[in-house]
Amino acid sequence: LSSSNPSKTNPSVAQWWKTTEKYYHLANSNNTLSLNLGKQVLIENYSLGKSLTQKQIVQLASKGEQKDAINVVLTASDVAVDGFCVNRCGTHGASKGAVIKGKTYKFAYIWVGNSETLCPGYCAWPFHQPIYGPQTPPLGAPNNDVGVDGMVINLASLLAGTATNPFGNGYYQGEADAPLEAASACPGVYAKGAYPGYPGDLLVDKTTGASYNAHGTNGRKYLVPALYDPVTFTCTTLV
């Protein structure tokens, strides 16, 4: 996203992320937005079980940094979370963090679930047949993992939403408790020519036949969502 060594091949994930900076420039033209990868924690013994509440997601997120951080919780394909597959594939929010020098800080958090076994048609489209709507054939997943490639889409969407509306009082449209944010304002759009049930005219990997729209580091390819451009008031895509 803001790597010191971004992909030299365009269109790139770093290019995609630049749209979120436009929101920062609206507030102050000198503002910049850069992210660095922090520590990673693996919890492989299911210490909280395989059915998690929202409160437990926040509990897990609080294991990360307590200030100037977006703590991301990724759950495995055999873990159920309240609301997962019913009305959400992930979520973002904020929680009170540590008290540092008498001041209480907040941290932002994101949760995204792996939907491969529970609801790939709901959370990993277009790499799986959709649950409802036009039944188009699924596209090839660029990393050959329907669950994880679906997580990439949802994580990208929620990162853009968190960066532009971290504490619920930033940029969004509609109601504050059901906001349309930078990516969620452009549902199902991944390339030009998109319409309901069709993600758009994506790039296709000549070797694997997989569909993607962004190059990452180390030769990886990803599908990232359209972002709402606050300057042109349109949903913008990389391809």
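## Buried or exposed: the starting point

A residue counts as buried when its relative accessible area is under 20%, and as exposed when that figure is over 50%, with partly exposed in between. E21 comes in at 11%, so E21 is buried. Keep in mind that you're looking at a predicted model.

## Helix α1

Helix α1 covers residues 13-27, and a good place to start is its kink of about 25°, centred on T19. Its buried residues are V13, W16, W17, T19, T20, E21 and Y23. What do they pack against? The buried residues of α1 sit against α4, β8, β9, β10 and β11.

Two of the buried residues, W16 and W17, also pair up through their rings. That pair is tilted, with 5.9 Å from centre to centre and 40° between the planes. W16 has a relative accessible area of 4% and is buried, and W17 is buried too, at 2%. Across the whole structure, a search turns up five aromatic pairs.

## Two nonpolar cores

As a bit of background, nonpolar side chains tend to be buried together in soluble globular proteins. Here, the largest nonpolar core has 21 residues, and the members that touch the most others are W16, W17, A160 and L227. Helix α1, strand β5 (103-113), helix α4 (146-164) and strand β10 (227-229) each put in at least two residues. Which element gives the most to this core? That's α4, with six residues.

A second, separate core holds 14 residues, including V73, V79, F107 and W111. As for L227, setting aside neighbours within four places in sequence, its contacts include W16, T19 and T20, along with A160, A182, A183 and C186. T234, C235 and T236 are in contact with L227 as well.

## Salt bridges

Side chains of opposite charge can pair when their charged atoms come close. In this model, a search of the whole structure finds five salt bridges. One of them joins E21 and K18, whose closest N and O atoms are 3.7 Å apart. Both residues lie in helix α1, three residues apart, which is about one turn of the helix. E21 is the buried partner, at 11%, while K18 is exposed at 52%.

Another salt bridge links D229 and K22, with the closest N and O atoms 2.5 Å apart. D229 belongs to strand β10 and K22 to helix α1, so this pair ties together parts that are 207 residues apart in sequence. D229 is buried, with a relative accessible area of 3%, whereas K22 is partly exposed at 31%. Then there's K221 with D205, at 3.3 Å from N to O. K221 is in strand β9 and D205 is in the loop between β6 and β7, so the pair ties together parts that are 16 residues apart in sequence. Both K221 and D205 are buried.

## Around S95, and charges over rings

Strand β4 runs over residues 90-100 and includes S95. Is S95 buried or exposed? At 18% relative accessibility, S95 counts as buried. Leaving out residues up to four places away in sequence, S95 touches V58, Y105, K106, F107 and Y109.

Two of those contacts of S95, Y105 and K106, turn up again where charges meet rings. The charged end of K67 sits over the ring of Y105, 5.0 Å from the ring's centre. K106 has its own charged end over the ring of F167, at 4.5 Å from the centre.

Methods: Residues numbered from 1 in each chain as written. Predicted model: local features only at pLDDT ≥ 70, side-chain atom pairs only at ≥ 80, totals over all residues. Heavy atoms only, no water. Core = buried A, V, L, I, M, F, W, Y, C linked by side-chain atoms within 4.5 Å. Buried < 20%, exposed > 50% of the residue type's maximum accessible area, 1.4 Å probe, protein only. Helix = DSSP H or I, 4+ residues; strand = E, 2+ residues; numbered from the N terminus. Contact = heavy atoms within 4.5 Å. Bend = angle between axes of the 7 residues up to and from the residue. Salt bridge = Lys/Arg side-chain N within 4 Å of Asp/Glu carboxyl O. Phe/Tyr/Trp six-rings, centres within 6.5 Å; stacked < 30°, edge-to-face > 60°. Lys NZ or Arg CZ within 6 Å of the ring centre and 35° of its normal.
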